[in-house]
Amino acid sequence: MTATASPATRSAAGAPDLTRAALSGRRRFTNHLATAAIWLAVLLAVVPLALVIYEVVAKGGGVMNMSFLTEDIPNSYRRDGGGMAPAIVGTLLITGAAALMAIPLGVFGAIYLNEYGKQRPLARVIRLMADVMTGVPSIVMGLFIYISWVLLVGQQTGFAGALALACLMLPVVIRSSEEMLRLVPDELRQASMALGARKWKTTLTVVLPAAISGITSGSLLAVARAAGETAPIIIVTGIVFSPNVNLFDGFNTALPAQIFRNASQPFEAAQDRAWGAALTLIVIVLGFTIIARLISSRFAIKER
Amino acid sequence: MNRNVLSRRVLAGVALAALALTGCGSNDNSSEPGGSGGDSAYANLSGELKASGASFPDAYYQEVVEAFKGEASDVTVTYNATGSGTGKKQFGEGLVDFAGTDSLVKDTDGVAAGSFLYVPTVAAPITVSYNLEGVDKLQLSADTLAKIFQTDIKTWDDAAIKADNPGVELPSTPITVAHRSDGSGTTSNFTKYLAAAAPNTWKLGSGDTVAWPASTQGGEKNTGVAQIVSQTNGAVGYVDLSDAKATGLKFAAIKNKDGQFVEPSLEGTTAGLEGAEIAEDLSYNPLDAAGANAYPITAPTFIIVKTSYGDAAKAELVKGFLTYLLNDGQELAEEVDFAPLPASLKEKALAQVDKIQG
């Protein structure tokens, strides 16, 4: 509304000179100062990240080879050699199963919240619950699954771990997907409706593709968080020393749990394995990210 | 059952990706060294055993599990070092087939009395490790030890310490006491020893945790205490022998019931076990045991098993594994700084294993 006044004033004064040379000395100085501060902030953010990656690669790279990825975990912490195959299999299966449960449910939830529920009481309750769920510490979620699932079926399994991780991922997926759907301009929906598309068709072919890149990012954040969770895994999945591909029967293990167990030992062989596991975990999460980016770029609306 | 059939189908897809990675990892049991194949007494056993519990004997149990793979290639034994408390709880909930514990079962642990048996496995000394520049040999009596740990004695040149160490030049360095910050079987055994051996001096009681004076320092797990001791001149703390050795600490010789100063060693521990009184249910207390060579601060550890498994195959498996642990497995104990059971106690433990019903 107020913008309507500005063209008139601007034309009266002639086109304003917006180049940097036209700025006063004081303003130019402030500009430089602010730019420098931003660069400093970038540096502050990048330095720890670079240090972490350097440290993990330098210490974990030493043990990284094919047999580390394919061999069983040695029973004795003190012994050299062995690998992390059971933990890698466990991480892929448990995180994968958790993503399969949490992401579709979360995205459907977000679609309901933004496209159908809007400000209705049910939608408000769901939103509030999702926010509360985000704040539940992961160890509490682990204990919840321990009581409600592990004790019920009578054994610790990989699936119990997947359930706990799914519970942790769900609120993140719901809230981030909803934010992304909210960013899709209403004009797109109206245009689709004007062409005679029904609501479900509009949502499926217009709204979702427009938001897919953001939804993917949100889901990835959730997957990355879940892949790094230690506490619930330790509580509900037990431990194995050779790979267990059955999520529903027998103990399982995952990389973060192995990092925790091995890093707290005073033996060098175990600490080396912990560094190796940390490097493996980082690479796996990076792999997830790349795959998800490729998938989302296929479905996204091409820009311009 | 339904759930399992369904799960297999759902899994098939997910598992494909994982299979590519596991490939050669999953079936190398047969290549274990020492696998004597068909002529082993344990070779006809097959199945899976799950266990959890004490972290104190974890190193020893893992050695035995590894060696057992060579004898019985069709058996998978998994021991999860969760701590005695969690182990007992999960055993009571039926999540595991047997549990390891450093402390005896209490009413609050959720295991019904009479439904389980104690099987003693190994023991290990708890060292009093110290870090004091210029002092390489230290002797302590129980009373002095109690005074040090409740900070009644504040410096190393105190008269009580001097009396225990005639002829040793002691500096006036202040004493830093390091203890476990987490609930621990080691704390329980150490404080029980002080309460038993210095009943008139020790005021802090005993248990998995006690109210240490504010000026003391807490460390997480045995390794955390070892770290405080190794980094602080004048520090003293209690650490299990295995971790104290791995950290390269110096240990004090402790005066035993017979008035001898004994350094922590596996021989001293076994001697302590021989002097211990063993109860009917095989629970025993080797703390402050009699015998000239007995090291007085010795921690026992047990495996608890069900009296009756209601499953003959499962009972056979448990019996097989424990028999192996008590016979051939005992030879592995010293490699990882645990003391094997003396012959008399071992016989009783084997008889206890025989009581397990199908």
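**Exercise 1. Helix α9 of chain A**

Work out how the span of helix α9 (residues 199-227) of chain A compares with that of a straight helix of 29 residues, and find where α9(A) has a kink.

*Solution.* Start with the expected value for this predicted model: at 1.5 Å a residue, a straight helix of 29 residues would span 42 Å. Next, take the end C-alpha atoms of α9(A), which are only 36 Å apart. Finally, follow the axis along the helix: α9(A) has a kink of about 55 degrees, and its centre is Ile212(A).

**Exercise 2. The interface of chains A and B**

Describe the contact between chain A and chain B by its residues, its buried area and its polar pairs.

*Solution.* First, list the residues in contact: 36 residues come from chain A and 38 residues from chain B. Together the two chains bury about 3,200 Å², and carbon and sulfur atoms give 57% of this area. Within chain A's part, Asn75(A), Arg78(A) and Phe248(A) supply 19% of the area buried against chain B, more than any other three residues.

Now turn to the pairs. Zero salt bridges are found across the interface, while six residue pairs are in polar contact, both partners having pLDDT 80 or more.

Then look at the helices on the side of chain A that touches chain B: α3 (66-70), α4 (85-117) and α6 (138-153) each supply at least two residues. The largest share, five residues, belongs to α4(A). By type, this side of chain A has 22 nonpolar, ten polar and four charged residues.

**Exercise 3. A salt bridge within chain A**

Find the partner of Arg189(A) in a salt bridge, and say which helices the pair links.

*Solution.* Over all chains there are twelve salt bridges. In one of them, Arg189(A) pairs with Glu115(A), with 2.9 Å between the closest N and O atoms. Then place each partner: Arg189(A) lies in helix α8 (residues 186-194) of chain A and Glu115(A) in helix α4 of chain A, so the pair, 74 residues apart, links distant parts of the chain.

Notes:
Residues are numbered from 1 along each chain as its sequence is written. Chains are lettered from A and ligands numbered from 1 in the order in which they are written. This is a predicted model: local features need pLDDT of at least 70, side-chain atom pairs count only at pLDDT 80 or more; totals for chains, interfaces and linings use all residues. Side-chain values use heavy atoms; hydrogens and water are left out. Helices (H or I, at least four residues) and strands (E, at least two) are DSSP runs, numbered from the N terminus. The expected span of a helix is 1.5 Å times one less than its number of residues. The bend at a residue is the angle between axes fitted to the seven residues ending there and the seven starting there. Contact means heavy atoms within 4.5 Å. Buried area is the accessible area (1.4 Å probe) that two parts lose on being put together, summed over both. A salt bridge is a side-chain nitrogen of Lys or Arg within 4 Å of a carboxyl oxygen of Asp or Glu. A polar contact is a pair of N or O atoms within 3.5 Å; within protein, one must be able to donate a hydrogen and the other to accept it, and residues adjacent in sequence count only if both atoms are side-chain atoms. Ala, Val, Leu, Ile, Met, Phe, Trp, Tyr, Cys and Pro count as nonpolar, Asp, Glu, Lys and Arg as charged, and the others, Gly among them, as polar.
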